[in-house]
Amino acid sequence: MASNQLSNKIRRLRFDNGRMTQQQLADKADVTRQTIIAIESGKYTPSLLLAFRISRAFGLSVEDVFQYESDDSESGTV
Amino acid sequence: MNRWQKIAWYNVFVIIFTFILTGLCVGVLTIKHGMPKALSGLGMLGMLGLLGLSGFIFKKKKHNVEFDERDRLIFYRSIQITFAIFWPLFTAACMIPWFIIGPNNLIPINVLPLMLVAIAISLIAAQSIAVLVQYGRGEKDGQ
(Lines give C-alpha, C1' and ligand atoms only; values in the text may rest on other atoms or scores of the structure.)
Protein backbone atom coordinates (compact mmCIF):
# COMPACT_ATOMS: atom_id res chain seq x y z
CA MET A 1 0.00 0.00 0.00
CA ALA A 2 1.38 3.42 -0.96
CA SER A 3 1.95 6.06 1.69
CA ASN A 4 2.05 9.59 0.36
CA GLN A 5 3.92 12.44 1.96
CA LEU A 6 3.87 16.08 1.09
CA SER A 7 6.78 18.03 2.49
CA ASN A 8 7.64 21.68 2.03
CA LYS A 9 10.47 24.16 2.32
CA ILE A 10 8.38 27.08 3.41
CA ARG A 11 10.30 27.82 6.59
CA ARG A 12 13.61 27.75 4.76
CA LEU A 13 12.27 29.92 1.96
CA ARG A 14 10.91 32.46 4.45
CA PHE A 15 14.32 32.94 5.95
CA ASP A 16 15.92 33.09 2.52
CA ASN A 17 13.46 35.80 1.46
CA GLY A 18 14.48 38.57 3.77
CA ARG A 19 13.44 36.67 6.92
CA MET A 20 9.80 36.87 5.96
CA THR A 21 7.53 36.34 8.93
CA GLN A 22 4.70 33.86 9.00
CA GLN A 23 2.24 36.74 9.17
CA GLN A 24 3.74 38.37 6.10
CA LEU A 25 3.50 35.12 4.16
CA ALA A 26 -0.05 34.63 5.41
CA ASP A 27 -0.99 38.09 4.18
CA LYS A 28 0.50 37.40 0.77
CA ALA A 29 -1.25 34.02 0.51
CA ASP A 30 -4.50 35.40 1.91
CA VAL A 31 -4.73 32.94 4.78
CA THR A 32 -4.31 33.07 8.54
CA ARG A 33 -0.99 32.75 10.28
CA GLN A 34 -2.23 29.58 11.98
CA THR A 35 -2.68 27.97 8.58
CA ILE A 36 0.90 28.82 7.61
CA ILE A 37 2.10 27.35 10.90
CA ALA A 38 0.09 24.18 10.30
CA ILE A 39 1.44 23.85 6.75
CA GLU A 40 5.05 24.39 7.84
CA SER A 41 4.78 21.76 10.53
CA GLY A 42 3.16 19.30 8.12
CA LYS A 43 -0.07 19.14 10.06
CA TYR A 44 -2.16 20.56 7.23
CA THR A 45 -2.02 19.86 3.50
CA PRO A 46 -2.97 22.98 1.55
CA SER A 47 -5.31 22.97 -1.39
CA LEU A 48 -3.86 23.31 -4.87
CA LEU A 49 -4.93 26.94 -5.03
CA LEU A 50 -3.25 27.77 -1.73
CA ALA A 51 -0.12 25.90 -2.75
CA PHE A 52 0.06 28.06 -5.86
CA ARG A 53 -0.48 31.23 -3.85
CA ILE A 54 2.28 30.35 -1.43
CA SER A 55 4.63 29.49 -4.28
CA ARG A 56 3.82 32.77 -6.01
CA ALA A 57 4.64 34.62 -2.79
CA PHE A 58 8.19 33.29 -3.11
CA GLY A 59 8.29 33.71 -6.87
CA LEU A 60 8.83 29.99 -7.32
CA SER A 61 6.96 27.08 -8.84
CA VAL A 62 4.89 24.70 -6.75
CA GLU A 63 7.45 21.92 -7.11
CA ASP A 64 10.15 24.16 -5.70
CA VAL A 65 8.13 24.76 -2.54
CA PHE A 66 6.28 21.45 -2.07
CA GLN A 67 7.69 17.98 -2.58
CA TYR A 68 5.57 14.91 -3.09
CA GLU A 69 7.13 11.66 -1.96
CA SER A 70 5.31 8.49 -2.81
CA ASP A 71 6.49 5.38 -1.00
CA ASP A 72 4.85 3.11 -3.57
CA SER A 73 6.12 -0.49 -3.43
CA GLU A 74 5.10 -1.12 -7.06
CA SER A 75 7.09 1.06 -9.38
CA GLY A 76 5.07 1.75 -12.46
CA THR A 77 6.86 2.70 -15.63
CA VAL A 78 5.31 3.03 -19.02
CA MET B 1 -5.80 31.51 19.30
CA ASN B 2 -8.14 32.69 16.56
CA ARG B 3 -11.67 34.02 16.88
CA TRP B 4 -13.32 30.62 16.36
CA GLN B 5 -11.24 28.99 19.07
CA LYS B 6 -12.13 31.80 21.44
CA ILE B 7 -15.83 31.41 20.66
CA ALA B 8 -15.58 27.64 21.15
CA TRP B 9 -13.84 28.07 24.52
CA TYR B 10 -16.43 30.64 25.52
CA ASN B 11 -19.27 28.25 24.61
CA VAL B 12 -17.73 25.40 26.59
CA PHE B 13 -17.11 27.67 29.58
CA VAL B 14 -20.66 29.06 29.59
CA ILE B 15 -22.20 25.59 29.31
CA ILE B 16 -20.08 24.11 32.10
CA PHE B 17 -20.55 27.16 34.32
CA THR B 18 -24.32 27.14 33.77
CA PHE B 19 -24.69 23.48 34.59
CA ILE B 20 -22.57 23.82 37.72
CA LEU B 21 -24.58 26.85 38.83
CA THR B 22 -27.88 25.10 38.09
CA GLY B 23 -26.79 22.02 39.99
CA LEU B 24 -25.80 24.12 42.98
CA CYS B 25 -29.10 26.02 42.92
CA VAL B 26 -31.18 22.87 42.67
CA GLY B 27 -29.08 21.25 45.39
CA VAL B 28 -29.39 24.17 47.80
CA LEU B 29 -33.11 24.54 47.14
CA THR B 30 -33.63 20.81 47.62
CA ILE B 31 -32.05 21.02 51.05
CA LYS B 32 -34.03 24.10 51.99
CA HIS B 33 -37.43 23.51 50.43
CA GLY B 34 -37.59 19.97 49.17
CA MET B 35 -37.92 18.51 45.68
CA PRO B 36 -40.84 20.00 43.84
CA LYS B 37 -39.90 23.57 44.72
CA ALA B 38 -36.22 22.90 44.12
CA LEU B 39 -36.91 22.47 40.40
CA SER B 40 -37.29 26.23 40.19
CA GLY B 41 -33.48 26.24 40.32
CA LEU B 42 -33.59 25.03 36.73
CA GLY B 43 -34.28 28.64 35.86
CA MET B 44 -30.52 29.17 36.09
CA LEU B 45 -30.35 27.38 32.76
CA GLY B 46 -31.32 30.76 31.35
CA MET B 47 -27.64 31.64 31.69
CA LEU B 48 -27.21 29.61 28.51
CA GLY B 49 -28.54 32.70 26.74
CA LEU B 50 -25.04 34.11 27.16
CA LEU B 51 -24.05 31.82 24.30
CA GLY B 52 -25.70 34.27 21.95
CA LEU B 53 -23.30 37.01 22.96
CA SER B 54 -20.22 35.28 21.57
CA GLY B 55 -20.50 37.07 18.24
CA PHE B 56 -20.56 40.44 19.97
CA ILE B 57 -17.82 39.71 22.49
CA PHE B 58 -15.41 38.28 19.93
CA LYS B 59 -15.82 40.67 17.07
CA LYS B 60 -14.29 40.20 13.70
CA LYS B 61 -11.14 42.25 13.25
CA LYS B 62 -11.06 44.34 10.12
CA HIS B 63 -8.45 43.80 7.42
CA ASN B 64 -7.61 40.36 8.71
CA VAL B 65 -8.22 37.02 7.11
CA GLU B 66 -10.61 35.43 9.58
CA PHE B 67 -11.83 32.33 7.82
CA ASP B 68 -9.58 30.59 5.34
CA GLU B 69 -9.78 27.12 3.79
CA ARG B 70 -8.41 25.37 6.86
CA ASP B 71 -10.95 27.10 9.09
CA ARG B 72 -13.68 26.13 6.64
CA LEU B 73 -12.55 22.49 6.70
CA ILE B 74 -12.51 22.43 10.49
CA PHE B 75 -15.92 24.07 10.61
CA TYR B 76 -17.44 21.56 8.18
CA ARG B 77 -15.95 18.63 10.08
CA SER B 78 -17.30 19.97 13.36
CA ILE B 79 -20.76 20.21 11.76
CA GLN B 80 -20.44 16.59 10.59
CA ILE B 81 -19.47 15.47 14.07
CA THR B 82 -22.34 17.44 15.59
CA PHE B 83 -24.79 15.88 13.15
CA ALA B 84 -23.43 12.43 13.94
CA ILE B 85 -24.04 13.09 17.64
CA PHE B 86 -27.49 14.53 17.03
CA TRP B 87 -29.07 11.30 15.85
CA PRO B 88 -28.18 9.13 18.87
CA LEU B 89 -29.26 11.95 21.18
CA PHE B 90 -32.52 12.43 19.36
CA THR B 91 -33.21 8.70 19.29
CA ALA B 92 -32.40 8.41 22.98
CA ALA B 93 -34.67 11.34 23.80
CA CYS B 94 -37.51 9.65 21.95
CA MET B 95 -36.97 6.08 23.08
CA ILE B 96 -35.89 6.37 26.71
CA PRO B 97 -39.21 7.83 27.90
CA TRP B 98 -40.93 5.17 25.79
CA PHE B 99 -39.18 2.36 27.64
CA ILE B 100 -39.17 3.93 31.11
CA ILE B 101 -42.65 5.42 31.26
CA GLY B 102 -44.37 3.33 28.62
CA PRO B 103 -46.28 4.30 25.50
CA ASN B 104 -49.61 4.86 27.19
CA ASN B 105 -48.49 7.09 30.05
CA LEU B 106 -48.10 10.84 30.29
CA ILE B 107 -45.15 13.10 30.99
CA PRO B 108 -45.38 16.68 32.23
CA ILE B 109 -45.28 19.28 29.51
CA ASN B 110 -42.25 20.88 31.21
CA VAL B 111 -40.14 17.92 30.17
CA LEU B 112 -40.40 18.70 26.46
CA PRO B 113 -38.61 22.08 26.42
CA LEU B 114 -36.02 20.72 28.83
CA MET B 115 -35.28 17.85 26.43
CA LEU B 116 -35.00 20.24 23.51
CA VAL B 117 -32.67 22.53 25.45
CA ALA B 118 -30.59 19.57 26.55
CA ILE B 119 -30.19 18.37 22.97
CA ALA B 120 -29.39 21.87 21.68
CA ILE B 121 -26.80 22.50 24.37
CA SER B 122 -25.26 19.08 23.81
CA LEU B 123 -24.88 19.88 20.13
CA ILE B 124 -23.33 23.28 20.81
CA ALA B 125 -20.92 21.70 23.27
CA ALA B 126 -20.09 18.92 20.80
CA GLN B 127 -19.38 21.37 18.00
CA SER B 128 -17.26 23.59 20.23
CA ILE B 129 -15.22 20.65 21.49
CA ALA B 130 -14.79 19.33 17.94
CA VAL B 131 -13.51 22.74 16.85
CA LEU B 132 -11.07 22.95 19.76
CA VAL B 133 -9.75 19.41 19.25
CA GLN B 134 -9.18 19.95 15.54
CA TYR B 135 -7.38 23.25 16.01
CA GLY B 136 -5.32 21.68 18.74
CA ARG B 137 -4.39 18.56 16.79
CA GLY B 138 -3.80 20.22 13.45
CA GLU B 139 -5.77 17.83 11.31
CA LYS B 140 -4.20 16.52 8.13
CA ASP B 141 -6.30 17.32 5.14
CA GLY B 142 -8.38 14.38 4.00
CA GLN B 143 -7.62 12.27 7.05
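**Entry 1. The largest pocket**

I began with the largest pocket, for which I noted a volume of about 440 Å³. The structure is a predicted model, and I read every entry below with that in mind. I counted 18 residues in the lining of this pocket. Those nearest its centre are B:M1, B:N2, B:R3, B:N64 and B:E66.

I then looked up which elements contribute to the lining. Helices α2 and α3 of chain A each give two or more residues, as does α1 (3-33) of chain B. The largest share is that of α3(A), with three residues. By character, I recorded seven charged residues, six nonpolar and five polar in the lining.

**Entry 2. Layout of chain A**

I turned next to chain A as a whole. I found two strands and five helices. Read from the N terminus, their order is β-α-α-α-α-α-β. Chain A has 78 residues, and 35% of them are buried. The exposed surface of chain A comes to about 5200 Å², of which carbon and sulfur atoms supply 48%.

I also checked how far along the sequence the contacts reach. Taking contacts between residues at least 6 apart, I noted that 60% join residues at least 24 apart.

**Entry 3. The largest nonpolar core**

I looked up the largest nonpolar core, which holds 19 residues. Seven of its members touch the most other members: A:I10, A:L25, A:I39, A:I54, A:F58, A:V65 and A:F66. Two or more residues each come from α1 (10-16), α2 (22-29), α3 (33-40), α4 (48-58) and α5 (62-65) of chain A. Of these, α4(A) gives the most, namely five residues. I recorded another core, apart from this one, with 10 residues, including B:Y10, B:L45, B:L51 and B:A125.

**Entry 4. A:I10 and A:I39**

I followed two of the core residues individually. A:I10 lies in helix α1 of chain A. Why does A:I10 count as buried? Its relative accessibility is 0%, and the cut-off for burial is under 20%, so A:I10 qualifies.

Leaving out residues up to four places away in sequence, I listed the residues that A:I10 touches as A:L25, A:I39, A:E40, A:I54, A:F58, A:V65 and A:F66. For A:I39, with neighbours within four places again set aside, I listed contacts with A:N8, A:I10, A:Y44, A:P46, A:L50, A:I54 and A:F66. A:I10 and A:I39 are 29 residues apart along the chain, and I noted 8.3 Å between their C-alpha atoms.

**Entry 5. A:R14**

I then examined an arginine in helix α1 of chain A, A:R14. Is A:R14 buried or exposed? A:R14 has a relative accessible area of 5%, and is therefore buried under the 20% cut-off. Beyond residues up to four places away in sequence, I found that A:R14 touches A:R19, A:M20, A:T21, A:Q22, A:L25, A:E40 and A:F58. I noted that A:L25, A:E40 and A:F58 also appear among the residues touched by A:I10.

**Entry 6. Helix α3 of chain A**

I closed with α3(A), the helix that gives the largest share of the pocket lining. Which residues of α3(A) are buried? I listed A:T35, A:I36, A:A38, A:I39 and A:E40. Of these, A:E40 is touched by A:R14, and A:I39 is in contact with A:I10. After α3(A) comes A:G42, for which I recorded a positive phi, near 75°.

Note on methods. Residues numbered from 1 in each chain as written. Chains lettered and ligands numbered in written order. Predicted model: local features only at pLDDT ≥ 70, side-chain atom pairs only at ≥ 80, totals over all residues. Heavy atoms only, no water. Helix = DSSP H or I, 4+ residues; strand = E, 2+ residues; numbered from the N terminus. Buried < 20%, exposed > 50% of the residue type's maximum accessible area, 1.4 Å probe, protein only. Contact = heavy atoms within 4.5 Å. Areas by Shrake-Rupley, 256 points an atom, 1.4 Å probe, with all protein chains shown as cover. Core = buried A, V, L, I, M, F, W, Y, C linked by side-chain atoms within 4.5 Å. 1 Å grid on protein atoms, 1.4 Å probe; cavity = no way out; pocket = protein on both sides within 12 Å on 5 of 7 lines; lining within 4 Å. Points joined across faces, edges and corners; volume = space filled by probe spheres on them. Nonpolar A, V, L, I, M, F, W, Y, C, P; charged D, E, K, R; others polar.
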